[in-house]
Amino acid sequence: MLIFFIGHWFSSLFVQTFFLHRFASHRMFKLSERWLKFWYVTTVILQGVSFLNPRAYAILHRRHHAYSDGVLDPHSPMRHRNVFSLMRETYENYLTALSRNNKEFEKYGSNIPEWPWLDRLADQWSVRIGFVVVYTLIYIVFAPSIWWFLLLPIHFIMGPIHGAIVNWGGHKYGYVNHPDTGDHSRNTLPFDFLTLGELFQNNHHHSPGRLNFAHRWYEIDPVYWVIRLMAVIGLVQITDTKLKQI
């Protein structure tokens with residue numbers, strides 16, 4: 001069961017940072033149409049219950065960069081007393097981005113991958129409940145004791161938990177390499193094994209288009225190296241121009 005939990009944690013996290021963040025939000029690399037569809041479907045499967053619509057995710061993230069820790073930031077911890085309040089505001093802004101009815105949000109909605117029928121399918125409550133059933137059956141069959149079932153709620157809201165850790169911790173705890181970002185972003189871990197590079201928030205806010213979130217010799221962004229390997233074997237085409245010169 002521990003293998004299943006860790007596998008779901010990191011696989012869901014990988015598609016969030018690789019596909020939703022670095023590709024959909026920032027276009028740090030290019031994907032062929034075949035691989036774009038592959039990763040779109042993979043994101044739906046691996047995020048499961050907590051699938052995040054790529055367009056809505058990208059709009060919120062781009063708005064976050066435009067107004068980081070300001071009044072219009074869709075998820076700044078500076079305005080909240082606890083992480084649950086932050087998660088509630090993030091969810092409300094996510095629904096606003098999903099609705100396509102807000103002109104201020106729509107300004108950030110260009111050049112984002114969309115697959116309308118798959119988005120609608122993945123957002124059906126029947127599909128989300130289906131994932132809940134699958135996770136629960138896995139625990140019923142393999143859990144060695146009932147105490148393991150306490151992990152089930154984490155599976156159900158895996159994506160929001162990842163976002164809360166990054167948005168809260170990455171703007172409250174850690175060290176600063178770049179004090180000129182104009183916000184409260186921090187680097188929480190020098191080797192970000194917990195969120196696969198996402199907790200290098202200060203580095204990322206300093207250079208939003210840079211593929212490697214690690215900026216110092218002692219910092220390690222594991223997903224950066226995965227994408228570099230993908231580029232070598234031809235699965236992606238890197239668009240970070242500074243990286244191409246290395």
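The legends below describe close-up views of a predicted model.

Local features are taken where pLDDT is at least 70 and side-chain atom pairs where pLDDT is 80 or more, while totals for chains, interfaces and linings use all residues. Residues are numbered from 1 along each chain as its sequence is written, and side-chain values use heavy atoms, with hydrogens and water left out.

**View 1. His64 and its contacts.**
His64 is placed in helix 3, residues 54-66, where helices (H or I, at least four residues) and strands (E, at least two) are DSSP runs numbered from the N terminus. His64 counts as buried because its relative accessibility is 2%; buried stands for under 20% relative accessible area, exposed for over 50%, and partly exposed for values in between, with a 1.4 Å probe and protein chains only. The side chains of His64 and Asp73 make a polar contact at 3.0 Å, the term denoting a pair of N or O atoms within 3.5 Å of which, within protein, one must be able to donate a hydrogen and the other to accept it, residues adjacent in sequence counting only if both atoms are side-chain atoms. Leaving aside neighbours within four places in sequence, His64 is in contact (heavy atoms within 4.5 Å) with Asp73, Pro74, His75, His171, Gln201 and His205.

**View 2. Ser68 and Asp69 in the loop between helix 3 and helix 4.**
Ser68 lies in this loop and is buried, with 13% relative accessibility. Its side chain makes a polar contact with the side chain of Asp183 at 2.7 Å, and, neighbours within four places in sequence being set aside, Ser68 is in contact with Asp73, His171, Asp183 and His205. Asp69 is found in the loop between helix 3 and helix 4 and counts as buried at 14% relative accessibility. The phi of Asp69 is near 65°, a positive value in a residue other than glycine; most residues other than glycine have a negative phi.

**View 3. Arg27 between helix 1 and strand 1.**
Arg27 is placed in the loop between helix 1 and strand 1, the latter spanning 29-30. Although Arg27 is not a glycine, its phi is positive, at about 50°. With a relative accessible area of 25%, Arg27 is partly exposed.

**View 4. The largest nonpolar core, with Leu31 and Trp35.**
The largest nonpolar core has 51 residues, of which Phe14, Phe18, Phe19, Phe29, Leu31 and Trp39 touch the most other members; such a core is a set of buried Ala, Val, Leu, Ile, Met, Phe, Trp, Tyr and Cys residues joined through side-chain atoms within 4.5 Å. At least two residues of this core come from each of several helices, including helix 1 (2-25), helix 4 (83-99), helix 9 (158-169) and helix 11 (222-232), and helix 1 gives the most, with nine residues. Beyond its neighbours within four places in sequence, Leu31 is in contact with Phe18, Phe19, Phe23, Leu36, Trp39, Leu235 and Val236. Trp35, in helix 2 (residues 33-47), is partly exposed at a relative accessible area of 28%, and its C-alpha atom is separated by 8.4 Å from that of Val236, 201 residues apart along the chain.

**View 5. Salt bridges of Arg55, Glu106, Arg100 and Glu114.**
The count comes to seven salt bridges, each a side-chain nitrogen of Lys or Arg within 4 Å of a carboxyl oxygen of Asp or Glu. Arg55 and Glu106 meet in one of these, at 2.6 Å from N to O, and this pair links distant parts of the chain, Arg55 being in helix 3 and Glu106 in helix 5 (residues 103-106), 51 residues apart. Arg55 is buried at a relative accessible area of 6%, whereas Glu106 is partly exposed at 26%. Glu114 forms a salt bridge with Arg100, the closest N and O atoms being 2.3 Å apart; Glu114 lies in the loop between helix 5 and helix 6, and Arg100 in the loop between helix 4 and helix 5. Glu114 is partly exposed, with a relative accessible area of 37%, and Arg100 counts as partly exposed at 43%.

**View 6. The salt bridge of Lys107 and Glu104.**
The side chains of Lys107 and Glu104 meet in a salt bridge of 2.9 Å, N to O. Lys107 is exposed, with a relative accessible area of 53%, whereas Glu104 counts as partly exposed at 38%. Elsewhere, salt bridges that share partners join Arg55, Arg100, Glu106 and Glu114 into one network.
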